[in-house]
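Here are my notes on the model you sent, set out as numbered points. They move from helix packing to the sheet and then to single residues.

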Amino acid sequence: MPEHSRSPLVELTLARTREFIRQPEAVFWVFAFPLLLALALGFAFREKAPDRTPIGILTGSGSDQLMKAVSGSPALLARAYSAAEGADALRTGKISLLVEPGPQIVYRFDPTRPDARIARLEADEAIQTAAGRKSVRPTSEKHVTEKGSRYIDFLVPGLLGMNLMGTGMWGVGFSIVTARSQKLLKRLIATPMRRSHYMIAQMLARLLFLVLEVVTLVAFGWLVFDVSVHGSLIVLGIVCLVGAAAFAGLGLLVASRVQTIEGVSGLMNFVMMPMWLLSGVFFSSARFPDYAQPFIKALPLTALNDALRGVMTEGRSLAAIGPELLILTAWGVVCFVIALRIFQWK
């Protein structure tokens, strides 16, 4: 043994450092990706005015006057609605405030939502200012607290969709990459098994936990927050099954060639992050500009969240959520077919 040998701790640290440096994907996600993300977001939001909160104004006598007054507010984005359309937009989170014109202006909103309270203050400020504040216009509030119209009723389906996406992609992707990094997949080449058998088994194993996962979150929302499912439980189950299969297929595609845990972690985050932001988990995707809506609607998590809210909050039928199910099915089939073609055992 050399007289001046280094301690095992130093040798192990150096070995792990060299191992990390020799993994280009790990270096990229640790150092390059945060810089690229900061650069992109910095350019996207530099010198940009605050996002305008969407509100609705009911059509009728005096609505044009209110629309003109509110349109001058830099914090609000007003749209005209009929009574039925406005109530639906408020219930589904597309707007934060609904203004009803008349001798006494009525503000309808969910008091548990901070953006709704701010929108109410901004709208009243704009309307009273337009009136010259010499004769202050009388107003009143009607709080939206019935089931299906609260923020928590909007949030629970979004959290369910986000959970189906996360467990579908991470559960499948991590399993495959771990097996590949441990040389387990290499051993399977010699077995009488097709590539499709292994990939379908990954998806089926993921779906076995689906019932427990969905029941746990839905039951928690019902017991703790009184969030009800207004539609059919069978239709809800179909939506969850199709959504979970779609994201399992996406997880297969992401993990089809990745060699390391660091690499698949970064790639999973890269794929899921736009959907966390854009797909209406915590607030409605309708808040984004109109030119971005086609892209947002095409995302699988947007389709899943819209379908879940359609069943849970609005009580829609299977046929009514057909377009969302078609989007999810297309994502699942296309991702599985591509993954099947490019999958590597080692």
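1. A term is needed before the helices can be described: a crossing is right-handed if the near helix is turned clockwise from the far one by less than a right angle, and left-handed if the turn is anticlockwise. In this sense α6 passes α10 in a right-handed crossing. Please keep in mind throughout that the model is predicted.

2. On the overall composition, the protein contains 14 helices and 5 strands. Of its 346 residues, 42% are buried. Among the contacts in the protein with a separation of 6 or more, 71% are between residues 24 or more positions apart.

3. To return to the first helix pair, α6 (residues 151-181) and α10 pack with their axes 8 Å apart and at an angle of about 35 degrees. On the side of α6 the contact is made by L160, L164, M165, G168, M169, V172, G173 and I176, and on the side of α10 by C240, A244, F247, A248, L250, G251, L252 and V254. Sorted by class, the residues of this contact of α6 with α10 are 13 nonpolar, 3 polar and no charged.

4. Helix α10 (residues 233-254) also packs against α11 (residues 261-278), here at an angle of about 140 degrees and with the axes 10 Å apart. Because angles over 145 degrees count as roughly antiparallel and those of 65 to 115 as roughly perpendicular, with the rest of this range oblique, α10 is described as oblique to α11. The crossing in which α10 passes α11 is right-handed. From α10 the contact draws on F247, L250, G251 and V254, and from α11 on V264, L267, M268, V271 and M275. The division by class for the contact of α10 with α11 is 8 nonpolar, 1 polar and no charged. F247, L250, G251 and V254 of α10 are also named in the contact with α6.

5. How are the strands ordered in the sheet? The sheet is open, has 5 strands in the order β2-β1-β3-β4-β5, and its pairing is mixed. Its edges are β2 (76-81) and β5 (139-143), each of which pairs on one side only. From one strand to the next the twist averages 25 degrees.

6. Both senses of pairing can be followed in particular strand pairs. β1 and β2 pair in the parallel sense over 6 bridges, and within β2 it is A78 that stands opposite I55. By contrast, β3 (residues 97-100) and β4 (residues 105-109) pair in the antiparallel sense over 3 bridges, and the bridge partner of E100 in β4 is V106.

7. Two helices deserve comment for their packing on the sheet. Helix α3 (residues 63-71) touches β1 (53-58), β2, β3 and β4, and its direction makes about 160 degrees with that of β1. Helix α5 (residues 114-130) touches β1, β2, β3, β4 and β5, and its direction makes about 165 degrees with that of β4.

8. Is β1 enclosed or open to its surroundings? Since 6 of the 6 residues of β1 are buried, the strand is largely enclosed by the rest of the structure. T53, I55 and I57 point one way from β1, while P54, G56 and L58 point the other way, and all are buried. T53, whose place is in β1, has a relative accessible area of 16%, and since buried means under 20%, T53 counts as buried. Between the C-alpha atoms of T53 and I95 the distance in space is 7.6 Å, although the two are 42 residues apart in sequence.

9. Two aspartates may be worth a look in the model. D124 is in helix α5 and, at 17% relative accessibility, counts as buried; leaving aside residues up to four places away in sequence, D124 touches Y107 and T139. D226 is found in the loop between α9 (210-225) and α10, and its relative accessibility of 32% makes it partly exposed. The phi of D226 is positive, at about 60 degrees, although D226 is not a glycine.

Notes: Residues are numbered from 1 along each chain as its sequence is written. This is a predicted model: local features need pLDDT of at least 70, side-chain atom pairs count only at pLDDT 80 or more; totals for chains, interfaces and linings use all residues. Side-chain values use heavy atoms; hydrogens and water are left out. Two strands pair if DSSP finds at least two bridges between them. Helices (H or I, at least four residues) and strands (E, at least two) are DSSP runs, numbered from the N terminus. Axes are lines fitted to C-alpha atoms, for helices over the stretch in contact, and angles run from 0 to 180 degrees between N-to-C directions. Contact means heavy atoms within 4.5 Å. Buried means under 20% relative accessible area, exposed over 50%, partly exposed in between (1.4 Å probe, protein chains only). Angles under 35 degrees count as roughly parallel, over 145 as roughly antiparallel, 65 to 115 as roughly perpendicular and the rest as oblique. Ala, Val, Leu, Ile, Met, Phe, Trp, Tyr, Cys and Pro count as nonpolar, Asp, Glu, Lys and Arg as charged, and the others, Gly among them, as polar.
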